[in-house]
Amino acid sequence: TLRSAPGDILHDQAVIWTSPARIRPHDLIWLLPLGAAVGVAIANDQSAMRDVVSHENSFNSASVNASNALVGGYIATPILIYSYGHFGNHPHARETGILTGEAMIDGVVVEQGLKLVFWRERPTVDNYRGRFFQSSAGIDSSFPSSHAVISWAAASTIAGEYSSRWIQIAAYTAAGGISLSRVLGQEHFPSDVIAGSAAGWLIGHYVSHRHHWRWHRVH
């Protein structure tokens with residue numbers, strides 16, 4: 001319910017930030033490939049942004065505008081789903097709207113916290129070096145991508161609540177497009193969006209599955 005959402009978000013944050021303490025050997029099956037992918041991306045970030053991604057201002061601006069428009073649509077999505085469920089008397093849609101909004105808020109808190117930890121320079125600073133732990137990067141640092149975290153948190157939650165392949169494909173395609181456009185717009189390095197996408201997916205997956213676990217426990 002909307003009334004329980006603030007308490008659920010606080011509980012989510014406690015679970016998310018303490019999750020490294022609960023890593024088990026079987027988690028390495030996906031943690032190691034993910035860590036390797038982020039590491040390889042970081043090693044190649046500078047050359048990718050300098051030599052591969054277009055530097056044409058109009059193209060970069062169009063990419064940024066596209067990512068902002070798409071993420072704006074995602075921000076509106078939980079409100080629309082909730083409204084449809086509330087006024088149309090569809091309890092599942094109403095709950096999905098609340099859970100999607102919760103996952104996105106969780107994502108914002110997590111990515112802002114990580115930005116303050118890593119303080120990474122944006123691609124346009126210092127010839128795409130992308131140095132970490134630079135206090136000059138401030139609260140708007142590059143790692144991880146806010147757009148990627150938010151969109152993948154929403155997509156993962158929606159995909160977890162609806163079994164329709166078309167809904168899942170649409171949700172993940174939009175999230176992938178947002179992530180890619182942040183790189184094409186010279187706003188983020190590839191590693192920023194890889195890490196952000198993974199973090200967002202994990203947050204959305206957790207929120208959706210926690211809800212299912214509670215429902216089955218009650219019923």
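This report walks through helix H5, a cluster of aromatic rings, a surface patch and one long-range pair.

The model is predicted, so local features need pLDDT of at least 70 and side-chain atom pairs count only at pLDDT 80 or more, while totals for chains, interfaces and linings use all residues. Residues are numbered from 1 along each chain as its sequence is written, and side-chain values use heavy atoms, with hydrogens and water left out.

**Helix H5**

Let's start with H5, which covers residues 146-161. Helices here are DSSP runs (H or I, at least four residues), numbered from the N terminus. The expected span is 1.5 Å times one less than the number of residues; for the 16 residues of H5 that gives 22 Å, and the end C-alpha atoms are 23 Å apart, which agrees. Of the 16 residues of H5, 15 are buried, so the helix is largely enclosed by the rest of the structure. Buried means under 20% relative accessible area, exposed over 50%, and partly exposed in between (1.4 Å probe, protein chains only). At the N-terminal end of H5, Ser-145 acts as a cap: one of its side-chain oxygens lies 3.5 Å from the backbone nitrogen of His-147.

**Aromatic rings**

The structure holds six aromatic pairs. Rings of Phe, Tyr and Trp (its six-membered ring) pair if their centres lie within 6.5 Å; planes under 30 degrees apart count as stacked, over 60 as edge-to-face and the rest as tilted. Two of the pairs are set out here.

| Pair | Centres | Planes | Type |
|---|---|---|---|
| Phe-118 and Phe-132 | 6.1 Å | 75° | edge-to-face |
| Phe-132 and Phe-143 | 5.5 Å | 70° | edge-to-face |

Phe-118 lies in helix H4 and Phe-132 in the loop between H4 and H5, so their pair ties together parts that are 14 residues apart in sequence. Phe-132 and Phe-143 both lie in the loop between H4 and H5, and this pair links parts eleven residues apart. Phe-118 is partly exposed at 24% relative accessibility, whereas Phe-143 is buried at 9%. Together with Phe-133, the residues Phe-118, Phe-132 and Phe-143 form one aromatic cluster.

**Surface and long-range pair**

Helix H4 (residues 91-118) also holds Ile-105, which is partly exposed with a relative accessible area of 44%. Ile-105 joins Trp-17 and Val-109 in a nonpolar surface patch with about 270 Å² of accessible area together. Such a patch takes residues with over 30% relative accessible area and no salt bridge (a side-chain nitrogen of Lys or Arg within 4 Å of a carboxyl oxygen of Asp or Glu), and nonpolar side chains are joined within 5 Å. Areas come from the Shrake-Rupley method with a 1.4 Å probe.

Finally, Val-64 lies in helix H3 (residues 57-87) and is buried at 16%. The C-alpha atoms of Val-64 and Leu-180 are separated by 10 Å, although these residues are 116 residues apart along the chain.

Methods: Helices (H or I, at least four residues) and strands (E, at least two) are DSSP runs, numbered from the N terminus. A polar contact is a pair of N or O atoms within 3.5 Å; within protein, one must be able to donate a hydrogen and the other to accept it, and residues adjacent in sequence count only if both atoms are side-chain atoms. Patches are made of residues with over 30% relative accessible area and no salt bridge: like charges are joined within 9 Å, nonpolar side chains (Val, Leu, Ile, Met, Phe, Trp, Tyr) within 5 Å.
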